[in-house]
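The exercises that follow each set a task and then work through its solution step by step. Please keep the sequence and the model open side by side while reading.

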Amino acid sequence: MTLRQVAFDIETTGFNADDVVTVVGFAVPLGVRVFVNTGGRAAPDIGEVGGDVVVKVTTHSSEPGLLTAVAGFVEERFRDADVLLVAYNGERWRGGFDLPFLRTRFARLDIAWPFTDVPYADVMPLVTKRFNTTVDGDEHGDLDTAYDVLCDGTYGELDPFTESAEAVTAFENEEFAALAAHNVADVLRTRELGRLAEQYCSKSEFNVKSLTPTRSTQ
């Protein structure tokens, strides 16, 4: 049985344990589902942020509201489904960002971990170890460069930022449409690299792991 990949990516206000999640996005079969935290500020209609890709965006006034909505989405769409959650540097053997950050925020806010019974694989080790992403003599393992080297690069045109750090400034400046567009671009880039790995790498190299906690609090 082949699991259907669902790529995801998050945006945050920084790297510290007390920073907050501002965006969570998932590439689902019919498009991209994006959750945006407005930090209690008014959010205009975000409108078209995915070009020809169907994107559904909902805004939430707080991080707890966003994470609760994400948990409901995961429960509805992923449980008992043949889904493989994937991310780029989401969580690897030695490092990763998205999943450790999410665990901390769910724990700090006392919200139940939603990814029970959801298998996960990281795309970054597949790309950096099984493909050549050397440009001008230098190896590049970042998402943007790997995608541009190995894929057609068109999803990069959706990204309004040149550096990921601009996502922090966009949240501070209430530029929620730009923030959502950046997340959509990253989710779609991750999805394409995951699909490429499926075409050229064996199943065993995906190193699928369980995200189910040892003890359930429910």
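**Exercise 1. Charges over rings**

Over the face of which residue does Arg41 lie, and at what distance from the ring centre?

Solution. Before reading any value, note that this is a predicted model, in which local features need pLDDT of at least 70 and side-chain atom pairs count only at pLDDT 80 or more, while totals for chains, interfaces and linings use all residues. Residues are numbered from 1 along each chain as its sequence is written, and side-chain values use heavy atoms, with hydrogens and water left out.

Step 1. The criterion is that a charge sits over a ring if NZ of Lys or CZ of Arg is within 6 Å of the ring centre and within 35 degrees of the ring normal. Step 2. Arg41 lies over the face of Phe171, 4.6 Å from the ring centre. Step 3. A further case is Arg33, whose charged end sits over the ring of Phe35 at 4.0 Å from the centre.

**Exercise 2. Aromatic pairs**

Describe the ring pair of Phe15 and Phe97, and state which parts of the chain the pair ties together.

Solution. Step 1. A pair of aromatic rings is described by the distance of the centres and the angle of the planes. Rings of Phe, Tyr and Trp (its six-membered ring) pair if their centres lie within 6.5 Å, and planes under 30 degrees apart count as stacked, over 60 as edge-to-face and the rest as tilted. Step 2. The whole structure contains 14 aromatic pairs, one of which joins Phe15 and Phe97 edge-to-face, with 5.5 Å from centre to centre and 70° between the planes. Step 3. Phe15 lies in the loop between β1 (4–12) and β2 and Phe97 in the loop between β5 (83–87) and α2 (98–108), so this pair ties together parts that are 82 residues apart in sequence; here helices (H or I, at least four residues) and strands (E, at least two) are DSSP runs, numbered from the N terminus.

Step 4. For the surroundings, buried means under 20% relative accessible area, exposed over 50%, and partly exposed in between (1.4 Å probe, protein chains only). Phe15 is exposed at 74%, and Phe97 is partly exposed at 22%. Step 5. Phe26 and Phe35 also form an edge-to-face pair, at 6.5 Å centre to centre with 90° between the planes, and both of these residues are buried. Phe26 and Phe35 belong to a cluster linked by ring pairs, which also includes Phe8, Phe73, Phe78, Phe106, Trp113 and Phe115.

**Exercise 3. A buried acid**

Which side chain of opposite charge is nearest to Asp19, and how far away is it?

Solution. Step 1. Asp19 is found in the loop between β1 and β2 (21–28). Step 2. Asp19 is buried yet has no salt bridge, and the nearest side chain of opposite charge, Arg105, is 8.2 Å away. Lys and Arg count as positive and Asp and Glu as negative, whereas His and the chain ends are not counted; a salt bridge is a side-chain nitrogen of Lys or Arg within 4 Å of a carboxyl oxygen of Asp or Glu. Step 3. The side chain of Asp19 makes a polar contact of 3.0 Å with the side chain of Thr13, and it reaches the backbone nitrogen of Phe15 at 3.2 Å. A polar contact is a pair of N or O atoms within 3.5 Å; within protein, one must be able to donate a hydrogen and the other to accept it, and residues adjacent in sequence count only if both atoms are side-chain atoms.

**Exercise 4. Salt bridges**

How many salt bridges does the structure hold, and what does the one between Asp159 and Arg189 tie together?

Solution. Step 1. The structure holds nine salt bridges. Step 2. In the bridge between Asp159 and Arg189, the closest N and O atoms are 2.6 Å apart. Step 3. Asp159 lies in the loop between α4 (143–150) and α5 (166–172), and Arg189 in helix α6 (residues 176–200), so the pair ties together parts that are 30 residues apart in sequence. Both Asp159 and Arg189 are buried.

Step 4. Glu192 forms a salt bridge with Arg195, the closest N and O atoms being 3.3 Å apart, and these two residues, three apart in helix α6, are separated by about one helical turn. Arg195 is partly exposed at 41% relative accessible area. Step 5. Salt bridges that share partners join Asp144, Asp159, Asp186 and Arg189 into one network.
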